[in-house]
Amino acid sequence: MKKKYIMAPGPTEVPPDVLAEAAKPVMHHRTPQFRKILTEVLENMKYVLGTTRNVYIMAASGTGAMETAVSNTVNPGDKVIVATIGNFGDRWENIAKCYGANIVKIAPEWGYAVKPEELKKALDENPDAVAVFTTLNETSTGVYNDIEAFAKLTANHKAILVVDGISGIGAQPFYMDKWGVDIIAVGSQKGLMIPPGLAYVACSEKAWKVVEQCKSPKFYFDLKRYEKSLTKEKMPDTPWTSAVSLITQQVVALRLIKEEGLENIWERHRKLSRAVREGIIALGLKPFAKENPAVVLCSVEVPEGVDGKALVKKIRDDYGISMAGGQGKLEGKIFRVGTLGYTDRFDPIIGLAAVEMAIKELGGEIEIGKGVKRAMEVLLEEKYQ
């Protein structure tokens, strides 16, 4: 018998109560019964995002939310700033190119965050930029950006601030309205603790004015259609067929999030990620993030003499734990240990034990038990409950 675990930065483990919801009969999406559930999901998403603005829900992955953000704000020839710190930040560039954007790119070496002063310089040099596209948490490198500082810079600029919050929302501090973020794009399979398939977008008043003036062609992802469906009657609706079973799961997951409390969830992720990171360091391994280390995962340099791809494969196939390898130019060079979503104090212990055993089996020179020991010490120091 082999028990399976997911310790990747997404998809993540789903709580049993949420999984059970998917076994119930499918509900018709145009009924008052379903729209009552949809209403609860959208209201609770406002809580998660820290906004009073409408939240739009669609059947798509997080990349669908990103494309929605671009297609509703960028006209061909518009100048945009892309502040990227990894593979998913680069995705903003790739999507914006599809819509004919003129791109100004800020791209520090992977492992580092974009400095607020770098963004300020780009904004000062490009007063005609219509948007800044960036990432809250970059899972490919294990680094997060200071979005609060970015929002202060765009507050008095023509450009709107558009943030990929797909892996960060529900795991680390984020306040859309308080900070002044203009658009947030989210996916369901990470901190929101359900399977892949739902995307969320919310827009500030400043962003909505841009949406209303945008002429780029779109159909399924047209936010004006979503706004109309939300507001045309007393109960909100979606313009297209809703992903009914996922939404009924989301309502349960959001109840769990509200029960625990967002601040408590953020603190839980901080503690668990610290336990993994310090366990990794105790083993003599090097975290890849040079600054702003993520709380949703720990990115780790593959030790000398060990095959990085073989390491991730052994942990998955022999030990039953799905972790993630490196992406793009980091393929085979790092591995990533997730602590995101439905996680508790024993996840770091399980994950580090697997890392230790797999490295040892593959010929790496480490002392078995040192990482697990340090992680336990950290959790005791943090008084994890």
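Angles between helix axes under 35 degrees count as roughly parallel, those over 145 as roughly antiparallel, those from 65 to 115 as roughly perpendicular, and the rest as oblique. In this predicted model, the axes of helix H3 and helix H4 (residues 87-98) cross at roughly 45 degrees and come within 10 Å; H3 and H4 are therefore oblique to each other. The crossing of H3 with H4 is right-handed. On the H3 side the contact is made by Thr63, Met66, Glu67, Ala69 and Val70, which meet Phe88, Arg91, Trp92, Ile95 and Ala96 of H4. By class, seven residues of this contact are nonpolar, one is polar and two are charged.

A second helix pair is formed by helix H2 (residues 32-49) and helix H10 (residues 244-260), whose axes lie 9 Å apart at an angle of about 45 degrees. This angle makes H2 oblique to H10. The crossing of H2 and H10 is left-handed. H2 contributes Phe34, Ile37, Leu38, Glu40, Val41, Asn44, Met45, Tyr47 and Val48 to the contact, and H10 contributes Val244, Ile247, Thr248, Gln250, Val251, Leu254, Arg255, Ile257 and Lys258. The contact of H2 with H10 comprises twelve nonpolar, three polar and three charged residues.

Thr248 of H10 is also among the residues touched by glutamate 21, together with Gln249 and Val252, when residues up to four places away in sequence are not counted. Glutamate 21 belongs to helix H1 (residues 16-21). With a relative accessibility of 17%, glutamate 21 counts as buried.

Seven strands make up an open sheet with mixed pairing, in the order E2-E10-E9-E8-E5-E3-E4. Strand E2 (55-59) and strand E4 (102-106) are at the edges, each with a single partner strand, so one side of each has no neighbour in the sheet. On average, and with direction ignored, neighbouring strands of this sheet are turned by 20 degrees against each other.

Within this sheet, strand E10 (residues 198-203) runs antiparallel to strand E9 (residues 183-187), to which five bridges join it. Among the paired residues, alanine 185 is opposite valine 201 of E10, and valine 186 is opposite tyrosine 200 of E10. E10 also pairs with E2 in the antiparallel sense, again over five bridges. There, leucine 198 in E10 is the bridge partner of alanine 59. E10 is mostly covered, with six of its six residues buried. The buried residues are Leu198, Tyr200 and Ala202 on one side and Ala199, Val201 and Cys203 on the other, and both faces of the strand are thus covered.

Helices also pack on this sheet. Helix H3 (residues 62-71) lies across E2, strand E5 (131-135), strand E8 (160-164), E9 and E10, and runs at about 160 degrees to E9. Helix H9 (residues 223-231) touches E2 and E10, and its direction makes about 110 degrees with that of E2. Aspartate 222 is located in the loop between helix H8 (205-213) and H9. At a relative accessibility of 12%, aspartate 222 counts as buried. The C-alpha atom of aspartate 222 is separated by 7.9 Å from that of serine 71, although the two residues are 151 residues apart along the chain.

A further open sheet consists of three strands in the order E11-E14-E13, with antiparallel pairing. Strand E11 (297-301) and strand E13 (324-325) are the edge strands, and each pairs on one side only. E11 and strand E14 (residues 334-338) run antiparallel and are joined by five bridges. Glutamate 301 lies in strand E11, and its bridge partner in E14 is isoleucine 334. Glutamate 301 has a relative accessibility of 26% and so counts as partly exposed, the range for that class being from 20% to 50%. Not counting residues up to four places away in sequence, glutamate 301 touches Lys286, Pro287, Phe288, Lys290, Lys333, Ile334 and Phe335. The C-alpha atoms of glutamate 301 and phenylalanine 288 are 5.6 Å apart, with their positions 13 residues apart in the sequence numbering.

Conventions: Residues are numbered from 1 along each chain as its sequence is written. This is a predicted model: local features need pLDDT of at least 70, side-chain atom pairs count only at pLDDT 80 or more; totals for chains, interfaces and linings use all residues. Side-chain values use heavy atoms; hydrogens and water are left out. Two strands pair if DSSP finds at least two bridges between them. Helices (H or I, at least four residues) and strands (E, at least two) are DSSP runs, numbered from the N terminus. Axes are lines fitted to C-alpha atoms, for helices over the stretch in contact, and angles run from 0 to 180 degrees between N-to-C directions. Contact means heavy atoms within 4.5 Å. A crossing is left-handed if the near helix is turned anticlockwise from the far one by less than a right angle, and right-handed if clockwise. Ala, Val, Leu, Ile, Met, Phe, Trp, Tyr, Cys and Pro count as nonpolar, Asp, Glu, Lys and Arg as charged, and the others, Gly among them, as polar. Buried means under 20% relative accessible area, exposed over 50%, partly exposed in between (1.4 Å probe, protein chains only).
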